[in-house]
Amino acid sequence: MIDEAHRGMTSGKGAQAAQTLMQRFLLGCPEVGLVKMPMVIGVSATPKRFLDLMANAEHTVTTHKVAVPAEEVRKSGLLKDRILIHHPEAATTAEMALLEEAARRWGQMTAAWGAYCQEEKEPTVWPVLVVQVENGTDRQLTKTDLGAALAVIESAIGRRLNEGEVAHAMHDTGDLDVGGRRVRKVEASRIDADKNIGVVFFKTSLSEAPRILRRLLRLRMEPI
């Protein structure tokens with residue numbers, strides 16, 4: 001089964017020799033000992049290249065076309081009728097506008113997971129909002145206004161962040177006092193084990209950033 005079956009295909013005559021990995025499965029490739037597949041399901045919104053390749057194959061190909069109505073795709077959520085754009089009333093930077101939307105989604109996801117886990121009697125899931133801030137200078141930890149960032153997050157979720165809920169993984173400093181809120185230092189390896197952490201700041205130059213993201217992809221769970 002090939003998703004996005006138009007990719008890696010050629011069109012028109014003269015496409016009898018396999019030129020891409022996908023074409024090797026469709027046309028066969030004796031040089032590497034690969035025979036053509038007896039049955040292939042190709043899925044594509046623009047299948048012309050795929051069909052053209054099959055039509056010009058040197059071996060006999062029987063093609064069965066199955067058209068999926070746009071309404072069915074729309075019901076699945078893969079096709080959108082409209083895009084909603086949020087326009088803030090007050091002037092703000094693009095970064096803060098994106099942060100506001102991300103925080104709003106984080107709050108919604110936290111509430112949704114909490115309700116689901118309670119209803120299904122499943123272990124609690126604790127989503128984390130990871131915020132990448134700008135690098136600083138020799139005299140400045142970061143060029144990002146952390147106070148403004150926290151204010152945007154709190155405005156989006158409709159409450160003040162709890163004590164210990166905000167942390168940072170910036171290696172060149174300890175705990176921070178940002179507008180009366182304590183932003184505690186936490187090692188990247190300990191983020192997923194601390195259920196109290198909801199927001200994490202880290203720098204663009206943080207060498208452990210990939211590891212942070214990998215660990216946070218495994219949503220922190222605590223038995224009920």
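How many bridges join β6 to strand β7, and in which direction do the two strands run? Keep that question in mind as you open the viewer; the answer comes at the second stop. The model on your screen is predicted, so a quick look at confidence is a good way to begin.

**Stop 1: the whole chain**

Show the chain as a cartoon and colour it by pLDDT. The mean pLDDT is 79, and 83% of the residues reach 70 or more. Now count elements: the chain comes to six helices and nine strands. Buried residues make up 30% of the 224 residues. If you look at contacts with a separation of 6 or more, 59% of them are between residues 24 or more positions apart.

Next, select helix α5, residues 146-157, and then strand β9, residues 220-222. Among the elements of the chain, α5 has the highest mean pLDDT, 92, and β9 has the lowest, 43. Widen your second selection to residues 217-224, where the pLDDT is below 50. Beyond near neighbours in sequence, this stretch has 29 contacts in the model.

**Stop 2: the sheet**

Find the open sheet formed by five strands, and walk across it in the order β4-β8-β5-β7-β6. The pairing in this sheet is mixed. Its edge strands are β4 (129-133) and β6 (176-178), each of which pairs on one side only. Direction ignored, neighbouring strands of the sheet are turned by 30 degrees against each other on average.

Here is the answer to the opening question. Select β6 together with β7, residues 181-185: three bridges join the two strands, and they run antiparallel. Show the side chains of Leu176 and Val183, and you will find that Leu176 stands opposite Val183 in β7. The two strands form a hairpin with two residues between them. Click on Gly179 in the turn, which has a positive phi of about 55 degrees.

Now select strand β5, residues 166-168. Two bridges join β5 to β7, and this pair runs parallel. For a landmark, pick His168, which stands opposite Lys185 in β7.

**Stop 3: Glu154 and its partner**

Go back to helix α5 and select Glu154, which has its place there. Is Glu154 buried or exposed? With a relative accessibility of 11%, Glu154 counts as buried. Draw a distance from the side chain of Glu154 to the side chain of Arg181: the two make a polar contact at 2.8 Å. Leaving aside neighbours within four places in sequence, Glu154 is in contact with Arg159, Arg160, Leu161 and Arg181.

**Stop 4: along helix α4**

Select helix α4, residues 94-120, and begin with Met96, which lies in this helix. Met96 is buried, with a relative accessible area of 16%. Show its surroundings: apart from neighbours within four places in sequence, Met96 is in contact with Asp145, Ala148, Ala149 and Val152. Try one more distance here, from the C-alpha atom of Met96 to that of Thr144. These residues are 48 residues apart along the chain, and their C-alpha atoms are separated by 10.0 Å.

Further along α4, show Trp113 and Tyr116 as sticks. The structure holds one aromatic pair. Which way are its rings arranged? The ring centres of Trp113 and Tyr116 are 6.0 Å apart and their planes stand at 85 degrees, so this pair is edge-to-face. Trp113 and Tyr116 are three residues apart in α4, about one turn of the helix. Why does that spacing matter for direction? An α-helix has 3.6 residues a turn, so residues three or four places apart point the same way. Trp113 counts as partly exposed at 30% relative accessibility, and Tyr116 is partly exposed too, with a relative accessible area of 42%.

Now look at Lys121, in the loop between α4 and β3 (124-126). Lys121 is not a glycine, yet it has a positive phi of about 55 degrees. At 71% relative accessibility, Lys121 counts as exposed.

**Stop 5: helix α2**

For the last stop, select helix α2, residues 48-55. Which residues of this helix are buried? They are Phe50, Asp52, Leu53 and Met54. Add α1 (21-27) and β2 (42-43) to the view, and you can see what the buried residues of α2 pack against.

How values were computed
Residues numbered from 1 in each chain as written. Predicted model: local features only at pLDDT ≥ 70, side-chain atom pairs only at ≥ 80, totals over all residues. Heavy atoms only, no water. Phe/Tyr/Trp six-rings, centres within 6.5 Å; stacked < 30°, edge-to-face > 60°. Helix = DSSP H or I, 4+ residues; strand = E, 2+ residues; numbered from the N terminus. Buried < 20%, exposed > 50% of the residue type's maximum accessible area, 1.4 Å probe, protein only. Pairing = 2+ DSSP bridges. Axes fitted to C-alpha atoms, helices over the stretch in contact; angles between N-to-C directions. pLDDT = per-residue confidence, 0-100. Contact = heavy atoms within 4.5 Å. Polar contact = N/O pair within 3.5 Å; in protein donor to acceptor, adjacent residues only side chain to side chain.
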